[in-house]
Amino acid sequence: MQNNNTGTTTNDNFRFFGLGGSNEVGRSCHVIRYKGKTVMLDAGVHPAYRGMASLPFYDEIDLSTIDVLLISHFHLDHAASLPYVMQKTNFKGRVFMTHPTKAIYRWLLKDFVRVTSLSNNANSNIRTSNDDDNLYNDTDLVESFDRIETIDYHSTMDISGIKFTAYHAGHVLGAAMFQIEIAGLRILFTGDYSREVDRHLNSAEVPPFSTDVLIVESTFGTATHEPRITRERKLTSLIHNTVVKGGRVLLPVFALGRAQELLLILDEYWTQHSNDLGNGQVPIYYASNLARKCLNVFQTYINMMNDNIRKKFRDSKTNPFIFKNILYLKNIDDFQDFGPSVMLASPGMLQNGVSRDLLEKWCPEEKNLVLITGYSIEGTMAKFLMLQPDHIPSINNPDISVPRRCQVEEISFAAHVDFQENLDFIEQVGAGKIILVHGESNPMGRLKSALLSNFKNLKNTEKEVKVYNPRNCVLISLEFKGVKVAKAIGTLADEISSKLLTDEDIRKEDNDGIKTKKNENENENENENERVEDEENSSQGLAVSGILVSDEKTFDLNLVSLTDIREHHVDLKTTILKERQSVTLGCKKDLIYWHLLQMFGSVDVLIDDDNVTNIKETDLRENKVNGELEIMIMKSIKLHMVDSLATLEWVQSAINDTVADSVMAILLSVESSPASVKLSSHTHDHHHDHHHEEDQILLRIQQIANVFKEQFGDTFTLLMDKEEIGGSPKEDIKGLITINESMTAKINFTTLKVEECTSKPLKGRIESILKIGSDLVTPLC
Ligand SMILES: [Zn+2]
């Protein structure tokens, strides 16, 4: 994203730079930048390549400039290079994904590391190559995992001026679209998305707020999906016909996600057609060593799926992902290949692993069937098979090729939008600029033409829609002139509104005041225009004067009269009348805190990284040196301590200066105080380790409680009093669930047992969540 490829662009332009997934499917990674803020979207690998070659073009940008990295969903082409970015580069931004994405990601990537190592070893024997294709190892995975933050659907984060909200994207469990707002400009990134209501997922939603730039997938270009019911019928009858003739069916699938949807379809069909299928004589296998773990995750997040499956769950009180007719194969060596069977096996694109081994074993026989249901990426075996080749290369023995006589069919259950679905969505979003990603060149090019022709009536109007289909590493720079809106606040606002009230039809904007508009440019962007129209009407022709204050963090522009400036812009005090003094500390932060408490009664804790202010005086422990502690004394003196540096800040006034002096005196004298000697001796006693362990337990309980909160919402209460947080729990920690009078339960979180429960199904459910919850919070390795 250097300026030199951009020619005339200025720093104020919105910029899009694709590092992967532009004019291709695979290694999705896009970087957007606006007003000095940089967001990366996805960090995938390309399934057709190995090792470093599978990465997005990370060398093309300075990864240390990324503020926030958002992962749309857990598929490898969107998420599998994340540990590489976090561990092997100078990236230092924050990473977000949804809860279910994070839960599944951990298992998938662990498996990804395992499979890559296995195929390395297998290949190094025959290729006599020592190339290490592993981009990272288990340790990298564990170390980066804890630093990944989660975001709930429909919640908004604000990371130093970058606001983003997650919306349902359909596609797979946990998949999210992100609407990002920087300085008033809204960008929507769809990730992979689906508008079809299927057996377990919600379809993608259109965010309620307008969007200026839409970054949208174009996987299927201008293609049209057959109706779902037709596809299901084709799928089941192809499989049925193959197995009754004694053939084997191979369904290469991605270990998780769409596989669950196929299992739901097949399990139902097998139950309905049990007689024709030899009453259980034809097994369906799901070969995945992740099956068990994923079952837990899928059950945990049932509340994030659609009404169908939630109803099924409520009615039967059993996990709809526990199938009657499906056998889990953790290890392919346990598989006895005697007669007809149906096998779902990963990886989905047959590059290596179990699905590839079975393909090579079964493809010479005519009666067998390979059924591709996912999207096949260019350069993979799955894509090659579509050409109905006579022979395929063997992965384990490159000297031979295997004859292909089996049937190969493709029926897509890939959960990407088709043209009509994509167009409807694009029209509803209504963005003026559309950037296409996640599509091979041809379908993407066709989609671009189709969109341009769809919007041709708007050409050369203010509402013209521009469509871009850049290649990887080609910068798109878009100018958004827009307008600046400044909010009048304080007495200035009162002044304006009283003037305006003399006009009948004036609407007051909000309690803060009313908005006035400062025109910067005649040629504004149309969306911006819409947004400020109301304000324009309400303040027409009124001239006001004040000081324009811009907030660097939020980009808010406030118009404020000089007399109010200190009241409304507290931060500005620093530049006006602030005093600041720093000293080096000779003692522990918790001691200082304790002394300040003795002196001033109570203080407000603003930051306390190491939780030193919550421990009791008698229990002062050795404190970590790296954490920050910031406290406000007498509502006016701010004391900030980090490492061994203490800084005092206050606004100058007679009283404040006196208080500051006494705080300073404490800072300088604590070292020599007898109390600190006495208290310091406690820091070396054996309680320290004990406390640490208890903290860990409390943290675990809190995490498991969060899973309950997600599952049961407000009907769940964790009984934990303040003393226990950071202190030592005297008794076991309990939780209550009260759904109604006849459905209540008491859970002991210390023993992870259900103590009382009025309903058997509820009890079963709680027990399984306790189990899942404890699995989810155990350290990865
Ligand atoms: Zn995907």
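1. Asn422 lies in helix H11, which spans residues 419-429. The model discussed in this note is a predicted one. With a relative accessibility of 2%, Asn422 counts as buried, the cut-off for that class being under 20%.

2. The surroundings of Asn422 include residues distant in sequence. Leaving aside residues up to four places away in sequence, Asn422 touches Tyr193, Val216, Glu217, Ser218, Val417 and Leu447. A further relation links Asn422 to Ser194: 228 residues separate the two in sequence, while their C-alpha atoms are 8.7 Å apart in space.

3. Helix H11 packs against helix H12 (residues 441-454) at an angle of about 50°, and the two axes are 12 Å apart. This angle makes H11 oblique to H12. The crossing of H11 and H12 is right-handed. On the H11 side, the contact is made by Phe419, Asn422, Leu423, Ile426 and Glu427; on the H12 side, Leu447, Ala450, Leu451 and Asn454 take part. Sorted by class, the residues of the contact between H11 and H12 comprise six nonpolar, two polar and one charged. Asn422 thus appears in this contact, and Leu447 of H12 is also among the residues that Asn422 touches.

4. The spacing of the contributing residues may be read against helix geometry. An α-helix has 3.6 residues a turn, so residues three or four places apart point the same way. The H11 contributors to the contact with H12 include Phe419, Asn422 and Ile426, and those of H12 include Leu447, Leu451 and Asn454.

5. A second helix pair is formed by H5 (residues 228-244) and H6 (residues 258-272), whose axes come within 11 Å and cross at roughly 65°. That angle makes H5 roughly perpendicular to H6. The crossing of H5 and H6 is right-handed. Helix H5 contributes Arg228, Glu232, Leu235, Thr236, Ile239 and His240 to the contact, and helix H6 contributes Arg258, Glu261, Leu262, Ile265, Leu266, Tyr269 and Trp270. The residues of the contact between H5 and H6 divide into seven nonpolar, two polar and four charged.

6. Helix H7 (residues 291-300) is largely enclosed by the rest of the structure, because eight of its ten residues are buried. The buried residues of H7 are Ala291, Cys294, Leu295, Asn296, Val297, Phe298, Gln299 and Thr300.

Conventions
Residues are numbered from 1 along each chain as its sequence is written. This is a predicted model: local features need pLDDT of at least 70, side-chain atom pairs count only at pLDDT 80 or more; totals for chains, interfaces and linings use all residues. Side-chain values use heavy atoms; hydrogens and water are left out. Axes are lines fitted to C-alpha atoms, for helices over the stretch in contact, and angles run from 0 to 180 degrees between N-to-C directions. Helices (H or I, at least four residues) and strands (E, at least two) are DSSP runs, numbered from the N terminus. Angles under 35 degrees count as roughly parallel, over 145 as roughly antiparallel, 65 to 115 as roughly perpendicular and the rest as oblique. A crossing is left-handed if the near helix is turned anticlockwise from the far one by less than a right angle, and right-handed if clockwise. Contact means heavy atoms within 4.5 Å. Ala, Val, Leu, Ile, Met, Phe, Trp, Tyr, Cys and Pro count as nonpolar, Asp, Glu, Lys and Arg as charged, and the others, Gly among them, as polar. Buried means under 20% relative accessible area, exposed over 50%, partly exposed in between (1.4 Å probe, protein chains only).
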